[in-house]
Amino acid sequence: QDNGTHIELENGATLTSQAVILATGARWREMNVPGEREYRGRGVAYCPHCDGPLFKGKPVAVIGGGNSGIEAAIDLANIVEQVTVLEFADTLRADDVLVRKAQSMENIRIIKSAQTTEVLGDGNKVTGLAYTDRNSNEQHHLPIAGVFVQIGLVPNTEWLKESGLSLTPFGEIEIDGRGATNLAGVYGAGDATNTAYKQIIIAMGSGATASLGAFDYLIRQGD
(Lines give C-alpha, C1' and ligand atoms only; values in the text may rest on other atoms or scores of the structure.)
Protein backbone atom coordinates (compact mmCIF):
# COMPACT_ATOMS: atom_id res chain seq x y z
CA GLN A 1 0.00 0.00 0.00
CA ASP A 2 1.44 3.35 -1.04
CA ASN A 3 0.63 5.55 1.94
CA GLY A 4 3.94 7.23 2.64
CA THR A 5 6.34 9.90 1.46
CA HIS A 6 9.14 8.88 -0.88
CA ILE A 7 12.57 10.50 -0.96
CA GLU A 8 14.95 9.54 -3.75
CA LEU A 9 18.67 9.62 -2.93
CA GLU A 10 21.51 10.44 -5.32
CA ASN A 11 22.72 6.82 -5.20
CA GLY A 12 19.39 5.63 -6.61
CA ALA A 13 17.92 4.36 -3.35
CA THR A 14 14.46 5.42 -2.23
CA LEU A 15 13.38 6.00 1.35
CA THR A 16 9.72 5.69 2.32
CA SER A 17 8.17 6.89 5.55
CA GLN A 18 4.72 7.73 6.87
CA ALA A 19 6.10 10.95 8.37
CA VAL A 20 9.08 13.08 7.37
CA ILE A 21 10.70 16.04 9.14
CA LEU A 22 12.72 18.32 6.89
CA ALA A 23 15.47 20.07 8.84
CA THR A 24 18.07 20.82 6.18
CA GLY A 25 19.07 24.20 7.60
CA ALA A 26 20.35 27.24 5.75
CA ARG A 27 23.70 28.72 4.81
CA TRP A 28 24.93 32.27 4.94
CA ARG A 29 25.15 34.01 1.59
CA GLU A 30 28.82 34.76 1.01
CA MET A 31 30.56 37.75 -0.57
CA ASN A 32 32.81 35.40 -2.59
CA VAL A 33 35.83 37.69 -2.41
CA PRO A 34 39.49 36.84 -1.65
CA GLY A 35 40.16 36.45 2.06
CA GLU A 36 36.58 35.73 3.11
CA ARG A 37 36.96 32.00 3.59
CA GLU A 38 40.58 32.26 4.69
CA TYR A 39 39.65 34.49 7.63
CA ARG A 40 36.32 32.91 8.52
CA GLY A 41 36.30 32.58 12.30
CA ARG A 42 39.34 34.86 12.48
CA GLY A 43 37.56 38.15 11.89
CA VAL A 44 34.99 37.21 9.26
CA ALA A 45 31.70 36.49 11.01
CA TYR A 46 28.07 35.99 10.04
CA CYS A 47 26.22 36.30 13.36
CA PRO A 48 26.46 39.64 15.21
CA HIS A 49 24.60 38.24 18.24
CA CYS A 50 27.08 35.38 18.57
CA ASP A 51 30.37 37.04 17.71
CA GLY A 52 29.79 40.73 18.39
CA PRO A 53 31.22 40.66 21.94
CA LEU A 54 34.54 39.34 20.57
CA PHE A 55 35.10 42.75 18.95
CA LYS A 56 34.38 44.95 21.96
CA GLY A 57 36.04 48.33 21.54
CA LYS A 58 37.29 47.56 18.02
CA PRO A 59 36.24 48.88 14.58
CA VAL A 60 34.18 46.52 12.41
CA ALA A 61 32.36 46.53 9.08
CA VAL A 62 28.90 45.22 8.23
CA ILE A 63 28.30 44.11 4.66
CA GLY A 64 24.71 44.71 3.55
CA GLY A 65 22.23 47.55 3.91
CA GLY A 66 19.04 45.53 4.26
CA ASN A 67 17.15 45.00 7.50
CA SER A 68 19.64 42.37 8.69
CA GLY A 69 22.61 44.60 8.01
CA ILE A 70 21.23 47.73 9.63
CA GLU A 71 19.91 45.77 12.62
CA ALA A 72 23.36 44.23 13.00
CA ALA A 73 24.99 47.65 12.86
CA ILE A 74 22.67 49.01 15.57
CA ASP A 75 23.32 45.97 17.74
CA LEU A 76 27.10 46.12 17.27
CA ALA A 77 27.30 49.88 17.83
CA ASN A 78 26.61 49.29 21.52
CA ILE A 79 29.65 47.00 21.77
CA VAL A 80 32.32 47.99 19.27
CA GLU A 81 34.22 51.22 18.68
CA GLN A 82 32.99 51.99 15.15
CA VAL A 83 30.66 50.29 12.66
CA THR A 84 30.97 50.95 8.93
CA VAL A 85 28.10 49.64 6.82
CA LEU A 86 28.92 48.91 3.19
CA GLU A 87 25.98 48.66 0.78
CA PHE A 88 26.48 47.65 -2.86
CA ALA A 89 23.45 49.57 -4.15
CA ASP A 90 23.03 53.34 -4.13
CA THR A 91 20.12 53.10 -1.67
CA LEU A 92 19.52 51.20 1.55
CA ARG A 93 16.92 48.43 1.50
CA ALA A 94 16.26 48.50 5.23
CA ASP A 95 13.06 49.88 6.75
CA ASP A 96 13.11 53.65 7.27
CA VAL A 97 12.78 53.34 11.05
CA LEU A 98 15.95 51.24 11.19
CA VAL A 99 17.84 53.59 8.89
CA ARG A 100 16.89 56.59 11.04
CA LYS A 101 18.00 54.77 14.18
CA ALA A 102 21.35 53.87 12.61
CA GLN A 103 21.90 57.40 11.33
CA SER A 104 21.24 58.77 14.82
CA MET A 105 24.08 56.74 16.34
CA GLU A 106 27.42 58.55 16.31
CA ASN A 107 29.59 55.47 15.78
CA ILE A 108 27.76 54.13 12.71
CA ARG A 109 28.92 55.21 9.26
CA ILE A 110 27.06 54.13 6.12
CA ILE A 111 28.77 53.93 2.73
CA LYS A 112 26.60 53.22 -0.30
CA SER A 113 27.63 52.14 -3.81
CA ALA A 114 30.48 50.20 -2.23
CA GLN A 115 31.66 46.92 -3.74
CA THR A 116 33.75 44.84 -1.36
CA THR A 117 36.72 43.40 -3.24
CA GLU A 118 38.90 41.72 -0.60
CA VAL A 119 39.17 40.86 3.08
CA LEU A 120 42.67 41.77 4.24
CA GLY A 121 44.64 40.16 7.05
CA ASP A 122 48.06 39.48 8.52
CA GLY A 123 47.85 35.72 8.14
CA ASN A 124 46.27 35.25 11.56
CA LYS A 125 43.39 37.68 11.72
CA VAL A 126 41.49 40.33 9.75
CA THR A 127 43.15 43.74 9.60
CA GLY A 128 41.14 45.51 6.94
CA LEU A 129 38.76 45.51 4.02
CA ALA A 130 39.20 46.70 0.44
CA TYR A 131 36.27 48.14 -1.47
CA THR A 132 35.59 50.06 -4.66
CA ASP A 133 33.40 53.13 -4.96
CA ARG A 134 31.09 52.05 -7.78
CA ASN A 135 30.47 55.65 -8.86
CA SER A 136 34.09 56.84 -9.10
CA ASN A 137 35.85 53.43 -9.36
CA GLU A 138 38.22 54.62 -6.63
CA GLN A 139 39.79 51.93 -4.45
CA HIS A 140 39.56 52.29 -0.68
CA HIS A 141 41.09 50.51 2.30
CA LEU A 142 39.14 50.29 5.56
CA PRO A 143 41.15 49.33 8.67
CA ILE A 144 38.95 47.04 10.77
CA ALA A 145 39.19 44.05 13.10
CA GLY A 146 36.04 42.25 11.98
CA VAL A 147 33.66 41.84 9.06
CA PHE A 148 30.04 40.86 9.59
CA VAL A 149 28.49 39.56 6.37
CA GLN A 150 24.75 40.28 6.39
CA ILE A 151 23.55 39.74 2.83
CA GLY A 152 21.05 37.01 3.51
CA LEU A 153 20.52 33.35 4.27
CA VAL A 154 20.00 30.67 1.65
CA PRO A 155 17.79 27.77 2.81
CA ASN A 156 19.04 24.33 1.74
CA THR A 157 15.86 23.54 -0.13
CA GLU A 158 16.85 23.65 -3.80
CA TRP A 159 16.11 19.93 -4.06
CA LEU A 160 12.50 20.50 -2.94
CA LYS A 161 11.45 22.90 -5.70
CA GLU A 162 9.74 20.19 -7.77
CA SER A 163 8.30 18.30 -4.79
CA GLY A 164 4.95 20.05 -4.54
CA LEU A 165 5.96 21.48 -1.18
CA SER A 166 4.95 25.10 -0.58
CA LEU A 167 8.00 27.35 -0.41
CA THR A 168 8.24 31.09 0.18
CA PRO A 169 9.74 33.32 -2.55
CA PHE A 170 13.01 32.99 -0.60
CA GLY A 171 12.88 29.20 -0.80
CA GLU A 172 11.88 28.65 2.83
CA ILE A 173 9.59 25.73 3.71
CA GLU A 174 6.20 27.07 4.73
CA ILE A 175 5.01 25.55 8.02
CA ASP A 176 2.16 26.15 10.45
CA GLY A 177 2.25 26.32 14.24
CA ARG A 178 2.70 22.56 14.48
CA GLY A 179 5.50 22.42 11.94
CA ALA A 180 3.22 20.93 9.28
CA THR A 181 3.68 21.70 5.59
CA ASN A 182 1.04 21.59 2.86
CA LEU A 183 1.84 17.89 2.27
CA ALA A 184 0.29 15.34 4.61
CA GLY A 185 2.85 13.76 6.90
CA VAL A 186 5.62 16.19 5.94
CA TYR A 187 6.93 18.60 8.58
CA GLY A 188 9.63 21.25 8.61
CA ALA A 189 11.91 22.60 11.31
CA GLY A 190 14.70 25.09 11.82
CA ASP A 191 16.39 27.57 9.52
CA ALA A 192 15.10 25.90 6.35
CA THR A 193 11.58 27.06 7.24
CA ASN A 194 9.83 30.41 7.40
CA THR A 195 10.38 30.82 11.14
CA ALA A 196 10.86 34.45 12.09
CA TYR A 197 14.33 34.26 13.65
CA LYS A 198 17.27 32.09 12.63
CA GLN A 199 18.87 31.17 15.94
CA ILE A 200 20.02 27.80 17.30
CA ILE A 201 17.71 27.84 20.31
CA ILE A 202 14.71 28.64 18.10
CA ALA A 203 15.65 25.88 15.64
CA MET A 204 15.85 23.42 18.54
CA GLY A 205 12.36 24.36 19.68
CA SER A 206 11.14 24.16 16.10
CA GLY A 207 12.51 20.62 15.90
CA ALA A 208 10.60 19.64 19.04
CA THR A 209 7.42 21.17 17.65
CA ALA A 210 7.77 19.32 14.35
CA SER A 211 8.49 16.04 16.15
CA LEU A 212 5.38 16.38 18.27
CA GLY A 213 3.38 17.37 15.21
CA ALA A 214 4.61 14.32 13.30
CA PHE A 215 3.89 12.04 16.28
CA ASP A 216 0.37 13.42 16.58
CA TYR A 217 -0.10 12.85 12.84
CA LEU A 218 1.05 9.23 13.06
CA ILE A 219 -1.15 8.22 15.98
CA ARG A 220 -4.18 9.52 14.10
CA GLN A 221 -3.52 7.33 11.07
CA GLY A 222 -5.39 4.11 10.47
CA ASP A 223 -3.77 0.68 10.37
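## Salt bridges, to begin with

A salt bridge here is a side-chain nitrogen of Lys or Arg that sits within 4 Å of a carboxyl oxygen of Asp or Glu. With that in hand: the structure holds seven salt bridges. Keep in mind that what you are looking at is a predicted model.

One of the pairs joins Glu 30 to Arg 40, with their closest N and O atoms 2.4 Å apart. This pair links distant parts of the chain: both Glu 30 and Arg 40 are in the loop between S4 and S5, 10 residues apart. How do the two compare in cover? Glu 30 has 18% relative accessibility, so it counts as buried, the cut-off being under 20%. Arg 40, at 40%, counts as partly exposed. Arg 37 comes into the picture too, since Glu 30, Arg 37 and Arg 40 are linked in a network of salt bridges.

## The chain at a glance

Stepping back, the chain has 223 residues, and 41% of them count as buried. You can pick out four helices and 14 strands along it. Taken along the principal axes, the box filled by the C-alpha atoms is roughly 70 × 35 × 30 Å.

## A parallel sheet of five strands

Which strands make up the open sheet, and in what order? There are five, running S5-S12-S6-S7-S8, and the pairing is parallel. Strand S5 (44-45) and strand S8 (108-111) stand at the edges; each has a single partner strand, so one side of each is left without a neighbour in the sheet. As a general point, strands of a sheet pair through backbone hydrogen bonds, either parallel or antiparallel.

For a look inside this sheet, try S6 and S7. Strand S6 covers residues 59-63 and strand S7 covers residues 82-86, and five bridges pair them in the parallel sense. One place to find this on screen is Val 62, whose bridge partner in S7 is Val 85.

## Two hairpins

Now for some antiparallel pairing. Strand S1 (residues 5-8) and strand S2 (residues 14-17) run antiparallel and are joined by four bridges. Within this pair, His 6 stands opposite Thr 16 in S2. The hairpin of S1 and S2 has five residues between the strands, and there Gly 12 takes a positive phi near 95°.

The other hairpin is made by S9 (residues 114-121) and S10 (residues 126-133), antiparallel strands joined by seven bridges. Leu 120 has Gly 128 as its bridge partner in S10. Between S9 and S10 there are four residues, and in this hairpin Gly 123 takes a positive phi near 100°. A salt bridge turns up here as well: the side chains of Asp 122 and Lys 125 meet at 3.2 Å, N to O. Asp 122 is partly exposed, with a relative accessible area of 43%, and Lys 125 is partly exposed with 47%.

## Helix H4 and its two faces

Helix H4 takes in residues 200-219. Does its length add up, and what span should it have? At 1.5 Å a residue, the 20 residues of H4 should span 28 Å, and the end C-alpha atoms are 29 Å apart, which agrees.

Which residues of H4 are buried? They are Ser 206, Ala 210, Gly 213, Ala 214 and Tyr 217. These residues cover an arc of only 100° around the axis, which puts them on the same side of H4. Turned away from that buried side is a face carrying the exposed residues Ile 201, Met 204, Leu 212, Phe 215 and Ile 219.

## Around the ends of H4

Ile 201 also belongs to a nonpolar patch on the surface, together with Tyr 197 and Ile 202. The three have about 350 Å² of accessible area together. Ile 202 lies in H4, and its relative accessibility of 34% makes it count as partly exposed.

One more salt bridge is worth finding: the side chains of Asp 216 and Arg 220 meet at 3.0 Å, N to O. Is Asp 216 buried or partly exposed? Its relative accessibility is 23%, so Asp 216 counts as partly exposed. Arg 220, with a relative accessible area of 65%, is exposed.

Terms used. Residues numbered from 1 in each chain as written. Predicted model: local features only at pLDDT ≥ 70, side-chain atom pairs only at ≥ 80, totals over all residues. Heavy atoms only, no water. Patch = residues over 30% accessible without salt bridge, like charges linked within 9 Å, V, L, I, M, F, W, Y side chains within 5 Å. Areas by Shrake-Rupley, 256 points an atom, 1.4 Å probe, with all protein chains shown as cover. Buried < 20%, exposed > 50% of the residue type's maximum accessible area, 1.4 Å probe, protein only. Pairing = 2+ DSSP bridges. Expected span 1.5 Å × (residues − 1). Arc of directions from axis to C-beta.
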